[in-house]
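Visitor: I am new to this structure and would like someone to walk me through the words used for it. Could we look at it together?
Guide: Gladly; here it is.

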Amino acid sequence: MSYSSPSKLLTMITVLVMLAMSMTMVQGQGTRVGFYSSTCPRVESIVQSTVKSHFQSDQTLAAGLLRLHFHDCFVQGCDGSILIDGSNTEKNAVANGGLRGFEVIDDAKKQIEAVCPGVVSCADILALAARDAVVLSNGGSWAVPTGRRDGRVSSASDVNNFPSPSDSIDVQKQKFADKGLTTQHLVTLVGGHTIGTTACFFFSDRLYNFNGTGRPDPSIDPTFLPQLKSLCPNRVGGLNRVALDNGSEKSFDNSWFSNLRSGRGILKSDQLLWTDNSTNTFVQRFLGVRGLLGLTFSVEFGKSMVKMSNIGVKTGSDGEIRKICSAFK
């Protein structure tokens, strides 16, 4: 290849640099797919085999790992701060009660440290594990940009604006927008509720005293209500667990959206996605409703996870690479 003048050469170099920068920005804020290809080429296979091993013993860990990553990213960014032990850390905040999967991340970290000491962050392990958990639940896969570093701050007091089951659609949209996520991202990511369960106390008011009326939420399918009441007896069944995706809680599919359409969403915040016009359109597109441009849930979920997993990431010299995931270096 030859160039007729230095100015053309400079222009070409500038274009190439800008293209490279844009590719990095597309993949993440300083993260990129294959970040460890030369420094720890086995990292993804180790995480994958570790998640699979734990999953074979307990399939409910898939939802736990996905939720763990979500809760990490929404506080202090995706920096592994949710993994830190301590009475006043994020892990022990009220809003993070019931989080599971910490032992999976610790196990993967221990194995990775044995072959690549001081190289791979806990934040990256968590991002990879969330993807692998979805795949093991029959969901789609996606390329995970890596290169995050671990944060040095984890405080329970920072967990004060996390999305809640009682949030209105406007509040949900604002909380997601504050993290740079759109309404489509909101509907897609909450679709992760296609796997996993929730405790009855998060939604029992919908069954017995909706908005203080002393009656059930009228948006609940009346043929479904007796089943929910049997699973969550009034005043005594608060800790009982109910599948968030009725009939398909272990399979990562779009049946959760079908349940919303049928009035079988479990959490108030979930069912509102069907009744609000601004979010209903996306639910219908995932359902392939005629007349609307369809969306493929598995594809869009991967895209949304890449977007979410780059919230407030620490890269370069920011943060640290922990030796163990539960304690600062």
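**A walk through the model**

Guide: Let us start at the end of a helix: Gly288 comes after H12, and its phi is positive, near 70°. Please keep in mind that this is a predicted model.

Visitor: What makes helix H12 "mostly covered"?
Guide: H12 spans residues 277–287, and 8 of its 11 residues are buried. Buried here stands for a relative accessible area under 20%. The buried residues of H12 are Thr279, Asn280, Phe282, Val283, Gln284, Arg285, Phe286 and Leu287.

Visitor: What covers the buried residues of H12?
Guide: The cover includes H6 and H7, together with helix H10 (255–261), helix H11 (268–275) and helix H13 (297–308).

Visitor: Why are H6 and H7 called roughly perpendicular?
Guide: Their axes cross at roughly 100°. Angles of 65 to 115 degrees count as roughly perpendicular, and therefore H6 and H7 get that description. The axes come within 9 Å of each other.

Visitor: Which residues make that contact?
Guide: From H6 come Gln172, Lys173 and Phe176, while H7 supplies Thr183, Leu186, Leu189 and Val190. By type, the residues of this contact divide into 4 nonpolar, 2 polar and 1 charged.

Visitor: Let us move past H7. Where is His193 found?
Guide: His193 is in the loop between helix H7 (183–190) and strand S1 (197–199). In the UniProt record, an unreviewed entry, the annotation "binding site" covers His193.

Visitor: Why is His193 called partly exposed?
Guide: Its relative accessible area is 23%. Buried would need a value under 20% and exposed a value over 50%, so His193 falls in between and counts as partly exposed. Setting aside neighbours within four places in sequence, His193 is in contact with Leu244, Asp245, Trp256, Leu267 and Asp270.

Visitor: How do you know that Leu83 is buried?
Guide: The relative accessibility of Leu83 is 3%. The cut-off for buried is under 20%, so Leu83 counts as buried. Leu83 sits in the loop between helix H3 (61–73) and helix H4 (102–115).

Visitor: Which residues does Leu83 touch?
Guide: Not counting residues up to four places away in sequence, Leu83 touches Leu68, Lys91, Phe102, Ile105, Cys122, Leu126, Arg322, Cys325 and Ser326. Leu83 and Ala327 make a nice pair to find on screen: they are 244 residues apart in sequence, and their C-alpha atoms are 7.9 Å apart in space.

Visitor: And Lys109, why does that one count as buried?
Guide: Lys109 has a relative accessibility of 2%. With buried set at under 20%, Lys109 therefore counts as buried. Lys109 is part of helix H4, and its contacts, leaving aside neighbours within four places in sequence, are Val120, Cys122, Ile125, Ile321, Arg322, Lys323, Ile324 and Cys325.

Visitor: What about the opposite case: what makes Asn138 exposed?
Guide: Asn138 has a relative accessible area of 60%. Exposed begins over 50%, so Asn138 earns the word. Asn138 lies in the loop between H5 and H6, and its phi is near 70°, a positive value in a residue other than glycine.

Visitor: Which other residue has a positive phi without being glycine?
Guide: Asn211 has one, with phi near 55°. Asn211 is in the loop between helix H8 (204–208) and helix H9 (225–231). At 58% relative accessibility, Asn211 counts as exposed, because the cut-off is over 50%.

Visitor: How do you know that Gly212 is exposed?
Guide: Gly212 reaches 60% relative accessibility; the threshold is over 50%, so Gly212 counts as exposed. Gly212 too is placed in the loop between H8 and H9. The C-alpha atoms of Gly212 and Gly140 are separated by 41 Å, with their positions 72 residues apart along the chain.

Visitor: Where does Pro163 lie, and what does it touch?
Guide: Pro163 is in the loop between helix H5 (122–136) and H6. Not counting residues up to four places away in sequence, Pro163 touches Phe70, Phe74, Lys175 and Phe176.

Visitor: Finally, which domains does the chain have?
Guide: The domain assignment gives domain 1 (42–158) and domain 2 (169–308). Their centres, taken over C-alpha atoms, are 24 Å apart, and the contact takes 18 residues from domain 1 and 16 residues from domain 2.

Conventions
Residues are numbered from 1 along each chain as its sequence is written. This is a predicted model: local features need pLDDT of at least 70, side-chain atom pairs count only at pLDDT 80 or more; totals for chains, interfaces and linings use all residues. Side-chain values use heavy atoms; hydrogens and water are left out. UniProt positions are given in the numbering used here, feature names are shortened, and annotations may be inferred rather than shown by experiment. Helices (H or I, at least four residues) and strands (E, at least two) are DSSP runs, numbered from the N terminus. Buried means under 20% relative accessible area, exposed over 50%, partly exposed in between (1.4 Å probe, protein chains only). Contact means heavy atoms within 4.5 Å. Axes are lines fitted to C-alpha atoms, for helices over the stretch in contact, and angles run from 0 to 180 degrees between N-to-C directions. Angles under 35 degrees count as roughly parallel, over 145 as roughly antiparallel, 65 to 115 as roughly perpendicular and the rest as oblique. Ala, Val, Leu, Ile, Met, Phe, Trp, Tyr, Cys and Pro count as nonpolar, Asp, Glu, Lys and Arg as charged, and the others, Gly among them, as polar. Domain bounds come from an automatic or database domain assignment.
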